[in-house]
Amino acid sequence: MASSRTPRSAAALASLVPVLLLVAACGSGGDSDQPTTASTSTPPATTSAAAVPTPSVTVTSERPTAAPAQLVTAGGVADGTPAQAAGVGSAEVTYTRGGEFAVVIVLDCTACAAGTSPTVLTGPGRRSPYDEAPGALAGSYLMDVFEGSAPEQSVWLQAEGPWSIRFESWNDVPGTTGPQSGTGSTVLHLVDQGSHAEVTWTPAGPDDAFAGRFFGNGDQQLFGNDEAFTEVVDLPMPGIFAIRTDGTWTVTPQP
């Protein structure tokens with residue numbers, strides 16, 4: 001059973017991991033070193049300004065520093081209309097955002113093999129990847145939309161093997177009720193009525209960390225840790241809860 005430990009604030013995590021600066025809602029785009037005003041549609045949960053921690057990952061010189069040669073076009077993304085793409089091997093995958101909303105990346109690279117370089121999902125201008133693994137990789141990831149950003153966006157996938165990617169509006173993430181459990185990064189749409197949730201997390205290894213971003217009822221909550229914990233946190237549901245980790249987690253809504 002994981003020991004109880006208060007999740008660290010974003011300020012504490014800043015000494016451990018890179019920090020993304022996010023203002024207002026969420027959506028598509030790369031990392032930003034400076035606060036930027038975001039413009040979004042009304043999502044399942046609205047937001048306020050905050051810094052968002054990203055879990056630590058092992059730094060490797062084998063991460064892509066330029067777009068892969070292969071270009072794959074996923075098409076347009078709108079509320080109710082996801083964009084999808086599939087391929088084999090490393091690729092730059094582009095899409096066009098049709099509105100001011102947060103975009104969720106759903107990656108399936110479970111058939112990707114460990115090779116001379118890790119499997120990495122990243123994008124232009126990012127200081128740290130969305131995720132990476134020695135071989136197989138899968139998960140859901142919340143991108144960041146900044147006001148004035150171009151509707152044409154892209155991600156870079158470094159991979160050896162077949163993969164598929166779906167881009168969808170965060171308004172289309174299926175709603176869930178009751179306790180939720182899983183392993184790895186995901187984006188949840190918690191539709192319970194409540195103001196708290198018990199979060200339990202067990203790291204996948206010594207280099208793993210947990211970062212949570214919650215958007216609901218006009219507020220944004222963020223917290224994280226690099227040690228196993230069980231803690232009741234403020235989550236003014238309903239809302240969107242983005243989890244970034246390689247480890248195992250459980251989220252149990254409470255009143």
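**Exercise 1. Find where pLDDT stays under 50, and decide how to read that part of this predicted model.**

Step 1. Over residues 1-42 the pLDDT stays under 50. The model still has 144 contacts for them beyond four places in sequence.

Step 2. A second stretch, residues 45-61, has pLDDT below 50. The model gives this stretch 72 contacts beyond near neighbours in sequence.

Step 3. Where pLDDT is low, predicted coordinates should not be read in detail. So the contacts there should not be read in detail either.

Step 4. Now take the whole protein. Its mean pLDDT is 80, and 75% of its residues reach 70 or more.

**Exercise 2. Describe the largest nonpolar core and name the strands that supply it.**

Step 1. Count its residues: this core has 36. V93, I105, V155, W163, I165 and F167 have the most contacts inside it.

Step 2. List the strands. At least two residues each come from β3, β4, β5, β6, β9, β10, β11 and β17. β6 gives the most, with six residues.

Step 3. Zoom in on F167. Among the residues F167 touches are A74, P82, V93, Y95, I105 and V155.

Step 4. Look elsewhere. Another core, of 16 residues, lies apart from the largest one. W201, F223, L235 and W249 are among its members.

**Exercise 3. Work out which side chains of β4 are buried, and find the strand joined to β4.**

Step 1. Sort the side chains by face. A83, A85 and G87 point to one face and are buried. Q84, A86 and V88 point to the other face and are not buried.

Step 2. Find the partner strand. β4 and β11 run antiparallel, joined by six bridges.

Step 3. Pick one pair. Q84 has R166 of β11 as its bridge partner.

Conventions: Residues numbered from 1 in each chain as written. Heavy atoms only, no water. Core = buried A, V, L, I, M, F, W, Y, C linked by side-chain atoms within 4.5 Å. Buried < 20%, exposed > 50% of the residue type's maximum accessible area, 1.4 Å probe, protein only. Helix = DSSP H or I, 4+ residues; strand = E, 2+ residues; numbered from the N terminus. Contact = heavy atoms within 4.5 Å. Pairing = 2+ DSSP bridges. pLDDT = per-residue confidence, 0-100.
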